[in-house]
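User: I am new to reading protein models, and I would like a close look at one small part of this one. Could you pick a residue, show me what surrounds it, and then walk me outward from there?

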Amino acid sequence: MNMNMHMASAHDETWLLLPWLANGRLTGAQRSQVEEHVRACASCAQELSAQRQLCALLTEPERVTYAPGPSLRKLLDRIDDRTSVPGRAARAPVREPAPFGRLTAAWRPPGLAWAATFLLTVALGVLTATAYHWSRPVYATYSTARPAGEVLHVAFDRSLPFGEVEELLRSAGARVVEGPGTTGIFGIVPSGSVAPRAAGATVSPQLRVLAARLHGDARVRWIEPLPAEDSQGSPPQDH
Amino acid sequence: MADPTYRGAASVAREVELLARIAEGDRKAFEELYNLYHRRMARFLMRLTRRYDLAEEVINDTFWVVWRKAGDFRGDSQPSTWILGIAYRKARSAFRAASRLAEQNLTIESEPLTAETPAGTEELRDWLGQALVQLPVEQRLAVELCYELGYSCEEIAAIMNCPVNTVKTRLFHARAKLQRLLPQLATPTAAAAQAREGRAS
């Protein structure tokens, strides 16, 4: 039994090594063992013949030979393409430019750098102006403290007919110079005033009297607060 | 069978010297080494692919690596083992990219290429070429490295970067498949007689 197992094992091992017996690369004790088994084993002997035939077929001179010249030229062109200095530079480790270096390299040539800088400056200026414009309020409420002026802003009861508003203003000694806007606000001045005074002027006594008169009328829903008598400024403006 | 031109100690020493010069950027040395290897690499790659453009691509990709990495060769193996190891990796990638034959062939049971006896050695070699193309790429390369280029089992293992037993197994399966595809190989005596008759006539 052990003898049979030994034989089977030797056969399998020999079978695996036959290609190297055929190509002549089996040496030493291994070669002797394989040759000994082949002499006693018909199937291994036949397989060895097949292996030798395979070697002979694959090592016979080719009918076609391939000239290396054109392929070599292609490869040398490839090497030259990747190499500024023939030889070592192809193999020399390429130094990675620093991140800042890459950035500055992108600004070449100088003309492009100047043009880009100019465009950036203009864009920055436009951006700053736009930001300043956006930062300013686009509306103001009538109750916002603003420089006082000649015009007094008032709102009447919404149920009041326009004719009655006119009558009310006439009796109070005022006339409409602005509005009414979408919010129902009127800008009025004392009847004696010719034109609104310039911004920055103090509130006139006539305007204060007019405001006082309207305060007493129940049909007036809202009157623009006026600055104190000692304060400077112009009246709020309706936007 | 081993090519004596490349197996002698003198030729190995010459190749080591060429690699050292290539590492220093010597283009003449590079051209000499390229010419030394081109013919046999072209031959075995052509048998594997049957496409010269693909064979040329593998050769040039291999020598592109040799040009850049010659300084990495430490002499742990023969220059040919080192170069063929690079070629093996390049060939495997190129063949797989070119076609998925290797994977397909793992699942397709192939029929014998012919039921007739080949008229002569040339015809048998043509059939062998067709049979080799049907092997999975690792088996194909192992066959070429062993039978054509004459490498030992250990050298093939180094080239393919795998254990020795894996090489034996790959060749075992390749042999079995070749015998199915080419029954004439199983009866070499008859085939040889046919070949002799063919040459005589």
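Analyst: Let's start with A:Leu207, which, once neighbours within four places in sequence are set aside, touches A:Glu150, A:Leu152 and A:Pro190. Please keep in mind that this is a predicted model. A:Leu207 sits in helix H9 of chain A, which covers residues 205–215. Is A:Leu207 buried or exposed? It counts as buried, because 24 C-beta neighbours lie inside 10 Å of A:Leu207, and 20 or more is the cut-off for that label. You can also compare sequence with space here: A:Ala174 is 33 residues away from A:Leu207 along the chain, yet the two C-alpha atoms are 9.2 Å apart.

Now step back to the chain that holds this residue. Chain A has 9 helices and 4 strands. Following the sequence, they come in the order α-α-α-α-α-α-α-β-α-β-β-α-β. Of the 239 residues in chain A, 21% count as buried, and A:Leu207 is a buried residue, as we saw. Contacts between distant parts of the sequence matter for your picture too: among chain A contacts with a separation of 6 or more, 64% join residues 24 or more positions apart.

From here we can cross to the other chain. A:Pro68 lies in the loop between helix H3 (42–59) and H4 of chain A. It is buried, because 20 other C-beta atoms are within 10 Å of it. Which residues does A:Pro68 touch, leaving aside those within four places in sequence? They are B:Tyr34, B:Asn35, B:His38 and B:Arg39.

The next helix of chain A also meets chain B. Helix H4 of chain A (residues 69–81) packs on helix H4 of chain B (residues 52–69) at about 45°, with 10 Å between the axes. An angle like that is why H4(A) and H4(B) are described as oblique to each other, and their crossing is right-handed. On the H4(A) side, the contact uses A:Ser71, A:Lys74, A:Leu75, A:Arg78 and A:Ile79. On the H4(B) side, B:Glu56, B:Ile59, B:Asn60, B:Phe63, B:Trp64 and B:Trp67 take part. Sorted by character, the residues of this contact are 6 nonpolar, 2 polar and 3 charged.

Inside chain B, you can find another pair of helices. The axes of H3(B), residues 27–49, and H8(B), residues 137–148, come within 10 Å and cross at roughly 140°. This crossing is right-handed as well. H3(B) brings B:Phe44, B:Arg47 and B:Leu48 to the contact, while H8(B) brings B:Arg140, B:Leu141, B:Glu144 and B:Glu148. This contact has 3 nonpolar residues, no polar ones and 4 charged.

Let's finish with helix H9 of chain B. How many of the 8 residues of H9(B) are buried? The count is 6, so the helix is mostly covered. The buried ones are B:Cys153, B:Glu155, B:Ile156, B:Ala158, B:Ile159 and B:Met160. H9(B) packs against H10(B) at about 100°, with the axes 8 Å apart. That angle makes H9(B) roughly perpendicular to H10(B). Their contact is formed by B:Cys153, B:Glu154, B:Ile156, B:Ala157 and B:Met160 from H9(B), together with B:Val164, B:Val167 and B:Lys168 from H10(B). Here the tally is 6 nonpolar, no polar and 2 charged residues.

Between H9 and H10 (164–181) of chain B runs a loop that holds B:Asn161. B:Asn161 comes just after H9(B), and its phi is near 55°, a positive value in a residue other than glycine. B:Asn161 is exposed, because 10 other C-beta atoms lie within 10 Å of it.

How far does the predictor trust all this? H9(B) has the highest confidence in chain B, at a mean of 92, whereas helix H1 of chain B (residues 4–7) has the lowest, at 44. Two stretches of chain B deserve your caution: over residues 101–110 the pLDDT is below 50, and it is also below 50 over residues 188–201. Beyond near neighbours in sequence, the stretch 101–110 has 10 contacts in the model, and the stretch 188–201 has 18. Chain B as a whole averages a pLDDT of 78, with 75% of its residues at 70 or above. For the complex, the predictor gives an ipTM of 0.71 and a pTM of 0.53.

Notes. Residues are numbered from 1 along each chain as its sequence is written. Chains are lettered from A and ligands numbered from 1 in the order in which they are written. This is a predicted model: local features need pLDDT of at least 70, side-chain atom pairs count only at pLDDT 80 or more; totals for chains, interfaces and linings use all residues. Axes are lines fitted to C-alpha atoms, for helices over the stretch in contact, and angles run from 0 to 180 degrees between N-to-C directions. Helices (H or I, at least four residues) and strands (E, at least two) are DSSP runs, numbered from the N terminus. A crossing is left-handed if the near helix is turned anticlockwise from the far one by less than a right angle, and right-handed if clockwise. Two residues are in contact if their C-beta atoms, placed from the backbone, lie within 7 Å. Ala, Val, Leu, Ile, Met, Phe, Trp, Tyr, Cys and Pro count as nonpolar, Asp, Glu, Lys and Arg as charged, and the others, Gly among them, as polar. Angles under 35 degrees count as roughly parallel, over 145 as roughly antiparallel, 65 to 115 as roughly perpendicular and the rest as oblique. pLDDT is the predictor's confidence in each residue, from 0 to 100. A residue is buried if 20 or more other C-beta atoms lie within 10 Å of its own, exposed if 12 or fewer, and partly exposed in between; C-beta atoms are placed from the backbone.
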